[in-house]
Amino acid sequence: MVLTADDKLAIHEVISLHGHLCDATAYDRFDLVFTADLVVDTSDLGLAPVPHAGPSQERLDTYIGVAHSRGPGDTVALHVTNVLVVEDGDGARAWSKALALGRDGSVASYTYADRLVRTDLGWRIRHRKVSPRREPGVGIEPLII
C-alpha cells in the first residue's frame, strides 16, 4: 500500500482527535479513533494491561469503560505533536509525542507508537504503545522505512 498525502493527513487528524476527545471526556466517541479490537500497551508506564472481558465485549468497550472510571484526573489538556507516518504493509505506523498539562502546571511527556488500519469509516488506531519521556536521550526511535 502506498500512503497518499490524504492518507497521512487523515492519520494525523485521527491521532489529534484522541487528545480533543480526552479533554472533553468524550470517551464514548473513541470509536472515531480506535478499532474495536484495540490493544493499548501501557506497560512502560507501570500499568497493567486493560483487562479484556472476553469475546462478548469488544476491547474498545473495555478501554472506554476504563477511561470513564479514571476520568480526566488532574490532566487539564492533552496535546499531540511531532507526528511521523509511514506505510506498513496493509496499514500504517505512526509515532507522535504527547504532552499532558496538569492542573498544578506540571507537564508529562509521552511517546505514542501506533499501528493503524484503514477501515470503512476511515483510518483507526489498532495498537498503541505509550511510553513516558522521563530522561534526556532515552526514547523510542521511529522506524522510518
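This is a guided tour of the structure, giving at each stop what to select and what is found there. The model is predicted, and residues are numbered from 1 along each chain as its sequence is written.

**First stop: the largest pocket**

Begin with the largest pocket, which has a volume of about 860 Å³. To find its middle, select C22, Y63, R70, G71 and T75, which lie nearest the centre among the 31 residues that line the largest pocket. Then colour the elements that give two or more residues to this lining, namely the helices α1 (5–23) and α2 (59–70) and the strands β2 (75–88), β4 (107–119) and β5 (122–132). Which of the elements gives the largest share of the lining? That share comes from α2, with four residues. If you colour the lining of the largest pocket by class, you should find 21 nonpolar residues, together with five polar and five charged ones.

**Second stop: the aromatic rings**

Next, show the side chains of Y27, F30, F34 and Y63, which together form one aromatic cluster; Y63 has already been met as one of the residues nearest the centre of the largest pocket. A pair of aromatic rings is described by the distance of the centres and the angle of the planes. In the model there are four aromatic pairs. For the rings of Y27 and F30, the centres are 5.6 Å apart and the planes stand at 70°, and because an angle over 60 degrees counts as edge-to-face, this pair is given that name. Are these two residues buried or exposed? With a relative accessibility of 5%, Y27 counts as buried, and F30, with a relative accessible area of 1%, is buried as well, since the cut-off for buried is under 20%.

**Third stop: H18 and its surroundings**

Now select H18, whose place is in helix α1. H18 counts as buried, at 4% relative accessibility. Leaving out residues up to four places away in sequence, H18 touches F30, V33, F34, Y63, L78, Y112 and R128, so that F30, F34 and Y63 from the aromatic cluster come back into view here. Stay with Y112 and R128 from that list of contacts, and turn the view until you look down on the ring of Y112. What sits over this ring? It is the charged end of R128, placed 3.7 Å from the ring centre.

**Fourth stop: two positive phi values**

Move on to T25, which is placed in the loop between α1 and β1 (34–41). The phi of T25 is near 50°, a positive value in a residue other than glycine, and at 35% relative accessibility T25 counts as partly exposed. Then select N82, which is found in strand β2 and has a positive phi of about 55° although it is not a glycine. At 52% relative accessibility, N82 counts as exposed, because the cut-off for exposed is over 50%.

**Fifth stop: along strand β2**

Remain in strand β2 and select T81, which has its place there and is partly exposed, with a relative accessible area of 35%. Setting aside neighbours within four places in sequence, T81 is in contact with S96 and K97. For a sense of distance, draw a line between the C-alpha atoms of T81 and A26, which are 55 residues apart along the chain and separated by 21 Å. Go next to V76, also found in strand β2, where the contacts, again without neighbours within four places in sequence, are D23, L101, G102 and R103. A line from the C-alpha atom of V76 to that of D90, 14 residues apart along the chain, spans 36 Å.

**Last stop: V107 and E58**

Select V107 in strand β4, which is exposed, with a relative accessible area of 56%. Beyond its neighbours within four places in sequence, V107 is in contact with L99, A100 and L101; L101 was also listed among the contacts of V76. The C-alpha atoms of V107 and D61 are separated by 29 Å, with their positions 46 residues apart along the chain. Finish at E58, in the loop between β1 and α2, which is partly exposed, with a relative accessible area of 42%. From C-alpha to C-alpha, E58 and L17 are 21 Å apart in space, and they are 41 residues apart in sequence.

Methods: Predicted model: local features only at pLDDT ≥ 70, side-chain atom pairs only at ≥ 80, totals over all residues. Heavy atoms only, no water. 1 Å grid on protein atoms, 1.4 Å probe; cavity = no way out; pocket = protein on both sides within 12 Å on 5 of 7 lines; lining within 4 Å. Points joined across faces, edges and corners; volume = space filled by probe spheres on them. Nonpolar A, V, L, I, M, F, W, Y, C, P; charged D, E, K, R; others polar. Phe/Tyr/Trp six-rings, centres within 6.5 Å; stacked < 30°, edge-to-face > 60°. Buried < 20%, exposed > 50% of the residue type's maximum accessible area, 1.4 Å probe, protein only. Lys NZ or Arg CZ within 6 Å of the ring centre and 35° of its normal. Contact = heavy atoms within 4.5 Å.
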